[in-house]
Amino acid sequence: MIQNLLDGILTGSIVSLGAIGLTLIMHMLRFANFSYAELLGIGAYAALVFDRMFAALAPVLTAKVGPLSLTLALALSVFVAMVFTGVTAIIIDRLVFKRIREKADALSMVFASFGVALIVRNVITLVFGLKAQLYSNDIAFAVVLSRDPLLLVKPDQVFVLCAALALMFALHLVLSRTTFGYALRAVAENSSLAQVTGVRLSTMVNMVWLIGGALSAAAGVFYALTNHLSPAMGHNFVLPVFAATIVGGIGSVYGAVLGGFIVGIASGLALLVLPSGYIPAMPFLIILAVLMIRPHGLFGEARE
Amino acid sequence: MIGLVSYLAFFATMASILAIATLGLNLQWGNTGLFNGGVVAFFGAGAYGTMLLGGHPETGQFGGFQLPFVIAFPGGVLFAGLIAWIVGVLTLRLRHDYLAIATFGVAVAFEAVTRNAEWLTGGAKGMRGFPRPLEAAIGDNFLYGLFFLGLVLTILVAVYVGLERLAHSPYGRVLRAIREDEVAARSLGKSPARLRLEAFIAGSMIMGIAGGLYTAFYAFVSPQDLAPILTFQVWAMLIVGGAGNNRGAVLGAFLIWAAWTLSGFALSRFAPAALQLHAGSIQYILIGLVIVGMLLWRPQGLLPERIRPTLTGKGAARTSAPGEFQGGQNP
Amino acid sequence: MSETGAALRVEKLVAGYVRDLPILRDVDLTLRRNALTAIIGPNGAGKSTLIKAIAGLVPVSSGTVKLGGREITGIRADEMGALGMAYVPQTDNIFRTLTIRQNLLLALRKAQDAVTRLGELFALFAPLAAKQDEKAGALSGGQRQMLAVAMALARRPQVMLMDEPSAGLSPKAAQEVLELARGLTTQGVSILLVEQNVRAALAVADHCYILAEGRNQVDGPAAAILNDPVVGEIYLGARRAGSP
């Protein structure tokens, strides 16, 4: 029970990171972006490439950090992968979404996002192969927190949770303390007024892709660090991140964070009553429940 | 010779089944502007529903009622309609892309059930053995293949004619009015929510028809037959043919299925061994490129919709509600 | 009127949301420096569209807009502030989820002297200073309008466009907002405002344009328009007859 809760919180922190950018993109560009979760995959694999590169260039970096399976090279790679993924997100927007939103309706964007997701996922498969990979093949030993009930936690998991929370806190500071943050919130609340107030929308759209891509990359690495890398990982996060945004209310960053934890914990606890094969459907049930009870989410409000 | 005819019949049967599914999607997306992100689930509901009702009983498994095809098949179709009704009631009154998310979710949930609920679906090994209609009476495999093609073509024509009539009826015009401008449709005294729900259910049932025929054709169904790529394939068929045009939907289905089959053949024949493993991925990328490329360069498809929309630009009044956005953004 | 005397000049403006479906057809308008000009007219005349087109929010298909002699037609709305033009929308003109201080800092984002300017604005609008850390959504209607004006003033505009500043306010608050606008004209801001509340608008305006069916029909000194029986009958009649 408590073990499921702990695992759920960990998954939740990853889903939250993935959902933050999605909620902003869905709100600003007004379309459900099914390719967004592929950014997790892009980030995780980008980190893998950079990790191997750094390790080859400077073997010193292969030293492990404390009890973690995380090496210095990988830690460095996370940051590079975040930038890389953010820029990739902007490039995909330029190549596809920007051109479509200039001439067609929102449904075409949804449609295109499915196409983009399919392409990204299979390019990853083509390059890295279908089989699951690990950043480090060393076995990460779990620490026994308690024997009755049995509670196991890996140092990596603790690190991931802390790092995810730190990233969210950093974003919180940006949103609540800087004029850039105010501008971002302003665009989310009322984009035409934001324009009148001197905010350039296309710049903000790029910034949201950059932030969203970076946070998703971190989420992807964190997932891969505590589980494994696979080309399907983006696909597997599509429903959880959508569920988190819908639970939190589209456009609400804080809602997405809370929604992510709710989805993660609910999926963790669901394992107590459901065979694991059904867990991928859990976010769908959460979406249906939210749509029935509170269609605009916990923090969202009706638009249109 | 017989081999070639037999293969062509096989090809045409599959293409026709997919064309029926594409027609169902056209009713939803092309005519009514509803986004179905889980075509495979409704196709699958028809397939599994038909199998459960008409298949052989298996020990330790629910279903296998061995009902005659004329009952099992409509039963599967109704099952697809039932799922559509539940999803539609919950999501059609909300933001248009909630339907996309919910239908995508249905597909994920459906896959989870087909893979895991062994007592119901046989799990990953699927369900085998289905008394195909009139198979015993016809006997010969080759002739039966031709007969089945005839059956599928008859149903395809019936669905096509039905949808064409619908599109040109007052009802079809109202559906288009909803797609273009919901406020105007409401002012005609129609309830857009109700009509959208009807169109969504009807389209999903047509996909269920395709699924039921698929089961009957192979006498077998498993989660592998219902991979998520099916949804993408059907979309590609519609967008290539031309959303809103039933003839385009059928044309697109045949073209994309031919391209899919040929690319699979070419990859297995000519691609270097190293690439063989990845043939599937390459095909998937091609489907993705077809979808994105069509949206970017020829969104109206090969056969554009013949009845021009009433407003300039698709759904100018509503869907471009972020007009302030577009207006302000383009330099 | 000499070119130098015009703070804003609109010539033969054709604009609308959808191409080939202009809402404004050949609108001409001149806003004199340090004057308050009101645009009035029946519902659907295109008054708000005119102001939005000037502010860069509605695409202009032909015609020109000049701000102090410089052509600004087709410039993006977010660049207008830097050129000296401010726009106060009718509703939703403040960010409800930001605090008052954050709203103003956002408006001052690109200003060099943001900190001093913030102090000046708080000095000018004391009621806002007192509530600076509260969410703007919690303000009363009159104070919201005050904040919206303060945000518009942040970048020291030469021209301020106001879309129905008195809409939804109590008569007293409406009066205060219009007088605030009047007062700004003595501080170097030229104001163009749209009003439904014709009498109140004409009471503070110097000049008045009457817009109907996307064209400007009549214009003249506000006092003359208010007292012109023919104009009153045609354009203001409904309002007079309607009010008991």
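In this predicted model, the largest cavity encloses about 200 Å³ of space. Its lining is made up of 17 residues, of which A:Val196, A:Thr197, C:Tyr87, C:Met151 and C:Ala152 are the closest to the centre of the cavity. When the lining is considered by secondary structure, two or more residues are contributed by α7 (191–196) of chain A, and likewise by β6 (85–88) and α6 (141–153) of chain C. The largest share of this lining comes from β6(C), which supplies four residues. With respect to residue class, the lining of the largest cavity comprises 12 nonpolar residues, four polar residues and one charged residue.

The second largest cavity holds about 150 Å³ of space, and 14 residues line this cavity, those closest to its centre being B:Val40, B:Ala107, B:Val108, B:Pro228 and B:Thr231. The elements found to give two or more residues to the lining are α2 (39–54), α4 (96–116) and α11 (229–241), which belong to chain B. Of the contributions to the lining of the second largest cavity, that of α4(B) is the greatest, at five residues. The division by class gives 10 nonpolar and three polar residues, together with one charged residue, for the lining of the second largest cavity.

These two cavities belong to a wider set, in that the structure contains seven cavities of 30 Å³ or more.

Methods:
Residues are numbered from 1 along each chain as its sequence is written. Chains are lettered from A and ligands numbered from 1 in the order in which they are written. This is a predicted model: local features need pLDDT of at least 70, side-chain atom pairs count only at pLDDT 80 or more; totals for chains, interfaces and linings use all residues. Side-chain values use heavy atoms; hydrogens and water are left out. On a 1 Å grid over the protein atoms alone, a cavity is a set of points where a 1.4 Å probe fits but cannot get out, and a pocket is an open set with protein on both sides within 12 Å along at least five of seven lines; lining residues have an atom within 4 Å of a point. Grid points are joined across faces, edges and corners, and a volume is the space filled by probe spheres set on the points. Ala, Val, Leu, Ile, Met, Phe, Trp, Tyr, Cys and Pro count as nonpolar, Asp, Glu, Lys and Arg as charged, and the others, Gly among them, as polar.
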